Amino acid sequence: QVKGKMEHTGTDFNILLATDSYKVTHYKQYPPNTSKVYSYFECREKKTDATKARKVKYDKTVFYGLQYILHKYLKGKVATPEKIQEAKEVYREHFQDDVFNEKGWNYILEKYDGHLPIEIKAVPEGSVIPRGNVLFTVESTDPECYWLTNWVETILVQIWYPITVATNSREQKKILAKYLMETSGNLEGLEYKLHDFGYRGVSSQETAGIGASAHLVNFKGTDTVAGIGVIKKYYGTKDPVPGFSVPAAEHSTITAWGKDHEKDAFEHIVKQFPSVPVSIVSDSYDIYNACEKIWGEDLRSLIESRSADAPLLVRPDSGNPLDTVLKVLEILGKKFLPVENSKGFKVLPPYIRVIQGDGVDINTLQEIVEGMKQHRWSIENISFGSGGALLQKLTRDLLNCSFKCSYVVTNGLGVNVFKDPVADPNKRSKKGRLSLHKRPNGEFVTLEEGKGDLEEYGADLLHTVFKNGKILKTYTFDEVRENAKLKESELEELLH
């Protein structure tokens, strides 16, 4: 009986143990008689030297993933006698001192049945907001629990990850949209142009689920199955699943046939999947020979008999990405004659396409599509797969995600607080109670020091999503996608 109970509490998530160690001691550090702490999250603007300017600016960010954190970790009864006891014992050893706020957590347990007395206001999920604006605010709702606001900073700031994946993925969508438009005149198939290959490249199953779902805000192709479950459980979609894939070969299913039987492997796999697209990795030995001889001659009639709905996707997987793609297109173009589209760019017959899934990040993607354009190849011919760069090669610093206190109430008086480090003006924080507004010209503006209450800027775009343990507002994944979609004005800007 006891063992079962201990195992249960041991595996159960404990919010009391999900904060940075130093925060456990912070309730003793605020000014005496503090009754409220109010903090906010933003992706700070980065004013860099022109010399060090990144290739990609990331001026706007996609807000995504708060709903997941609220549902999984913060809602409902999160403090129990067992969890308080567990935390007390851990911190006693961890600090070699009794610094844990047992009284404060017992108060939450008794007064709120273990529900968190905080309020979180946030912009709608999927919103695309310029850097430097408030994205969500957190405040304590009980004077006794002023210390709780920044206790939950640690877990809330982990939203940097889905925000960064969704933002980076959307920037790649912009690049693809621009070049697809320029080389074909329409955006057909755009949402299948960047496929998630990142499942094995991330640090955990949870990372896979969160990251893959963030990419699916912008695209519909994924091989990271974990993302589907996250979306279905925490957001919901009108469609049975939010992401799609196609049959594809890996090196083992080719090399298992032996070096002298690559053609047999290709033929067998292509015939197994006659009515859907099929991707075949073709660089096990010699990608150029595979394109010219095996696909272009030996199996040519087999490929020509496939339909536009079930093309062969030739997959190179080594070498310099741009050079390889151009050479593969050139060889295939000699064997399967391309036509010129309305924009004057070459398009292979509809039954054969290329997918580049090696070395793809936002910079090489830009180089490949630019190189293709220069060589008069339409982006219709290609799609991309990205793994590590899409889901793992990212940090909180890319978008400068930060959480800062801007307002406190001490001795009954509200005080606007901020930091302004002399050595880094980028790190100046906002003051007072914040609100987000949209000017008539469409610009977003964050109002500080409670000025949003004056109503001259219209309604506050921050909505209460969480209060005292309850989730008050949720978004479906369809709404998230709608909020994050590329706007006409953005497309026009890209094309000029």
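This is a short talk on how two domains meet in one structure, and on a few local features around that theme.

Okay, so first thing to keep in mind: what you're looking at is a predicted model. The domain assignment splits the protein in two, with domain 1 covering 18-163 plus 412-495, and domain 2 covering 172-392. So domain 1 comes in two stretches of sequence, 18-163 and 412-495. If you take the C-alpha centres of domain 1 and domain 2, they sit 39 Å apart.

How many residues touch across the boundary? On the domain 1 side there are 27, and they contact 32 residues of domain 2. Between them the two domains bury about 2,500 Å², and 63% of that is on carbon and sulfur atoms. Three residues stand out here: Tyr68, Tyr161 and Arg481 supply 28% of the area domain 1 buries against domain 2, more than any other three residues.

Now the polar side of the interface. Three salt bridges turn up across it. There's also a salt bridge between the side chains of Asp478 and Lys238, at 3.5 Å from N to O. For polar contacts, the count between domain 1 and domain 2 is 13 residue pairs. As for which helices do the touching on the domain 1 side, α2 (66-74), α7 (160-184), α17 (477-484) and α18 (488-495) each put in at least two residues. The top contributor to that side is α2, with six residues. Broken down by class, the domain 1 side has 17 nonpolar residues, four polar and six charged.

Next up, helix α8, residues 205-215. Is α8 mostly buried or exposed? Nine of its 11 residues are buried, so the rest of the structure largely encloses it. Those buried residues include Ile210, Ser213 and His215. And what do they pack against? The list is α2, α7, β6 (194-196), α9 (226-234), α16 (388-391) and α17. You'll recognise α2, α7 and α17 from the interface a minute ago.

Let's do salt bridges more widely. Searching the whole structure gives 29 of them. One I like is Lys174 with Glu171, where the closest N and O atoms are 3.0 Å apart. These two are three residues apart in helix α7, so about one helical turn separates them. Lys174 counts as buried, at 14% relative accessibility, and Glu171 is buried too, at 13%. The pair also belongs to a network of salt bridges that links Lys60, Arg170, Glu171, Lys174 and Glu490.

Compare that with Glu191 and Lys220, whose side chains meet at 3.7 Å, N to O. That pair links distant parts of the chain: Glu191 is in the loop between α7 and β6, Lys220 is in the loop between α8 and α9, and they're 29 residues apart. Glu191 is partly exposed at 33%, and Lys220 is partly exposed at 22%.

Then there's Arg428 with Glu448, at 3.6 Å, N to O. Arg428 sits in the loop between β14 (413-416) and β15 (435-438), and Glu448 in the loop between β16 and β17, so the bridge ties together parts 20 residues apart in sequence.

Last item, backbone angles. Most residues other than glycine have a negative phi. Asp113 has a positive one, near 50°, and lies in the loop between α4 (102-112) and β3 (118-122). Glu449 has a phi near 55°, and it's in the loop between β16 (444-447) and β17 (463-467). Asp113 is partly exposed, at 41% relative accessible area, and Glu449 is partly exposed at 40%.

That's me done, thanks.

Notes
Residues are numbered from 1 along each chain as its sequence is written. This is a predicted model: local features need pLDDT of at least 70, side-chain atom pairs count only at pLDDT 80 or more; totals for chains, interfaces and linings use all residues. Side-chain values use heavy atoms; hydrogens and water are left out. Domain bounds come from an automatic or database domain assignment. Contact means heavy atoms within 4.5 Å. Buried area is the accessible area (1.4 Å probe) that two parts lose on being put together, summed over both. A salt bridge is a side-chain nitrogen of Lys or Arg within 4 Å of a carboxyl oxygen of Asp or Glu. A polar contact is a pair of N or O atoms within 3.5 Å; within protein, one must be able to donate a hydrogen and the other to accept it, and residues adjacent in sequence count only if both atoms are side-chain atoms. Helices (H or I, at least four residues) and strands (E, at least two) are DSSP runs, numbered from the N terminus. Ala, Val, Leu, Ile, Met, Phe, Trp, Tyr, Cys and Pro count as nonpolar, Asp, Glu, Lys and Arg as charged, and the others, Gly among them, as polar. Buried means under 20% relative accessible area, exposed over 50%, partly exposed in between (1.4 Å probe, protein chains only).
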